[in-house]
Amino acid sequence: MQCPGNSSAPNPPALVSVILPVHNAEEWLDECLKSVLQQDFEGSMELSVFDDASKDKSMTIIERWKGKLESAGISVVIGGHDSPFPRGVGYSKNKAVAQSSGSYLCFLDSDDVMMPQRVRLQHQAAEQHPTSIIGCQVRRDPPDSTARYTRWINQLVPDQLLTQVFTSHGPTVIMPTWFCSRAWFSHVGLFDEGGQGVPEDLLFFYEHLRKGGGVVRVDQSLLIYRYHLHAATHSVLETTIWTHRVRFLEEQALPHWAAFTIWNAGKQGRRLYRSLTTASQRKVVAFCDIDENKIKKGFYCHEDAQERPKPRIPILHFRAAQPPFVICVKLDLTGGEFEDNLRSLQLREGQDFLHFS
């Protein structure tokens, strides 16, 4: 770590600013801040904390760590407000970024813990990929929580970081692992400040992709990613995320296809069809499935359709269907019949099919 400078002189701009929004995080802050102190990065570092109206002892803990961090050469910038109600994660992140000075931004949630090499390795990757969001693999705590999701986070191959951006899992590198240049962050724009119930990370990620940004993952576990019932992500309704996902699919993928097949004649496939605009619905040439009971029905009729006659969409066996496919079947990344069937068709992800579930 760099040596502390003259405390009476203003701090020069840091190379990396760790962006830490805080709201009622007293249970986790000691471990979180200790992980900032233990970084082995040799460049200049800064911690930018913004407290979003915490009512617990969060600020007391932060003030106690301020001296330790500054003694190790890590400058600390603290902002916040004490309004009766929090303004939300997007607002807090924007404020923490605005008051920071670093050329690079390392985002950290107050309930997570960084491995000592995180800043160093992600900074190296960001230098090589200046218009990318850099993520990393994670270790979940508790270890057995969200097993399918954790496998997805850690096992996507590089191409899938862009081809699987439409799935229900959200950003293909998760927000608490994000690292990027300040210049690129400014180019993309700020986080949505709508507050509770707004998926600000997903909306920023979509805007990042619209502007041609890349997605890179450091394939080491650099973060302990905690799961608990108080996490802000639980305030976002699934229906809200679904709406944003469908619109992004229609904006970014479906215009490239003259026609497509929905792989899943069950609940999720039909829900996707009903959620599409009329123009997108007209591109759906079939549903396909492996379930003989669904296939025997022969077609799906959208009863709420305004068109007359009402559309009747054929239901086919997957081997009789034509790509491209929008796949509404959950993958568990551990193999299985569906994955075997998909591989047997020798399709190219991103061109012949996209995952939506």
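**Exercise 1. Placing His 169**

Find the loop that holds His 169 in this predicted model, then work out which residues it touches beyond its sequence neighbours.

*Solution.*
- Start with the secondary structure: His 169 sits in the loop that runs between α6 and β7 (179-181). Keep in mind that we're working with a predicted model here.
- Next, drop the neighbours within four places in sequence and list what remains in contact with His 169: Tyr 149 and Trp 152. The cut-off for contact is heavy atoms within 4.5 Å.
- Now try a pair that lies far along the chain. His 169 and Lys 55 are 114 residues apart in sequence, and 31 Å lies between their C-alpha atoms.

**Exercise 2. Backbone oddities**

Track down the cis peptide bonds at Pro 142 and Pro 324, and check the phi of Thr 146.

*Solution.*
- Go to Asp 141 and Pro 142 and read off omega: at about 0°, the bond joining them is cis. Pro 142 belongs to the loop between β6 (132-141) and α5.
- Stay in that part of the chain for Thr 146, which is also placed in the loop between β6 and α5. Its phi comes out near 45°, a positive value, and Thr 146 isn't a glycine.
- Then move on to Pro 323 and Pro 324, where omega is about 5° and the bond is again cis. Pro 324 lies in the loop between β12 (312-317) and β13 (325-327).

**Exercise 3. The domain interface**

Describe how domain 1 and domain 2 meet, going from the overall layout down to single residues.

*Solution.*
- Set the bounds: domain 1 covers 16-236 and domain 2 covers 239-355. Taken over C-alpha atoms, their centres are 34 Å apart.
- Count the residues in contact: 19 from domain 1 meet 18 from domain 2.
- Work out the buried area, which is about 1,800 Å² between the two domains, with 63% of it on carbon and sulfur atoms.
- Turn to the polar side of things. Six residue pairs are in polar contact between domain 1 and domain 2, counting pairs with both residues at pLDDT 80 or more.
- Ask which elements of domain 1 give two or more residues to the side touching domain 2: these are α5 (147-155), α6 (160-163) and α8 (200-210). The largest share, five residues, comes from α8.
- Sort that side of domain 1 by class, and you get nine nonpolar, seven polar and three charged residues.
- Finish with salt bridges: the rule finds one across the interface. Glu 251 forms a salt bridge with Arg 210, with 2.6 Å between the closest N and O atoms.

**Exercise 4. Using the record**

Take the residue range that UniProt lists for "domain: Glycosyltransferase 2-like" and summarise its secondary structure.

*Solution.*
- Look up the range: the UniProt entry, which is unreviewed, lists residues 17-188 under that name.
- Tally the secondary structure over 17-188, which gives 37% helix and 23% strand.
- Lastly, compare the two ends of the stretch: their C-alpha atoms are 18 Å apart.

Technical notes:
Residues numbered from 1 in each chain as written. Predicted model: local features only at pLDDT ≥ 70, side-chain atom pairs only at ≥ 80, totals over all residues. Heavy atoms only, no water. Domains from an automatic or database assignment. Buried area = accessible area lost by both parts, 1.4 Å probe. Salt bridge = Lys/Arg side-chain N within 4 Å of Asp/Glu carboxyl O. Polar contact = N/O pair within 3.5 Å; in protein donor to acceptor, adjacent residues only side chain to side chain. Helix = DSSP H or I, 4+ residues; strand = E, 2+ residues; numbered from the N terminus. Nonpolar A, V, L, I, M, F, W, Y, C, P; charged D, E, K, R; others polar. UniProt positions renumbered as here; feature names shortened; annotations may be inferred.
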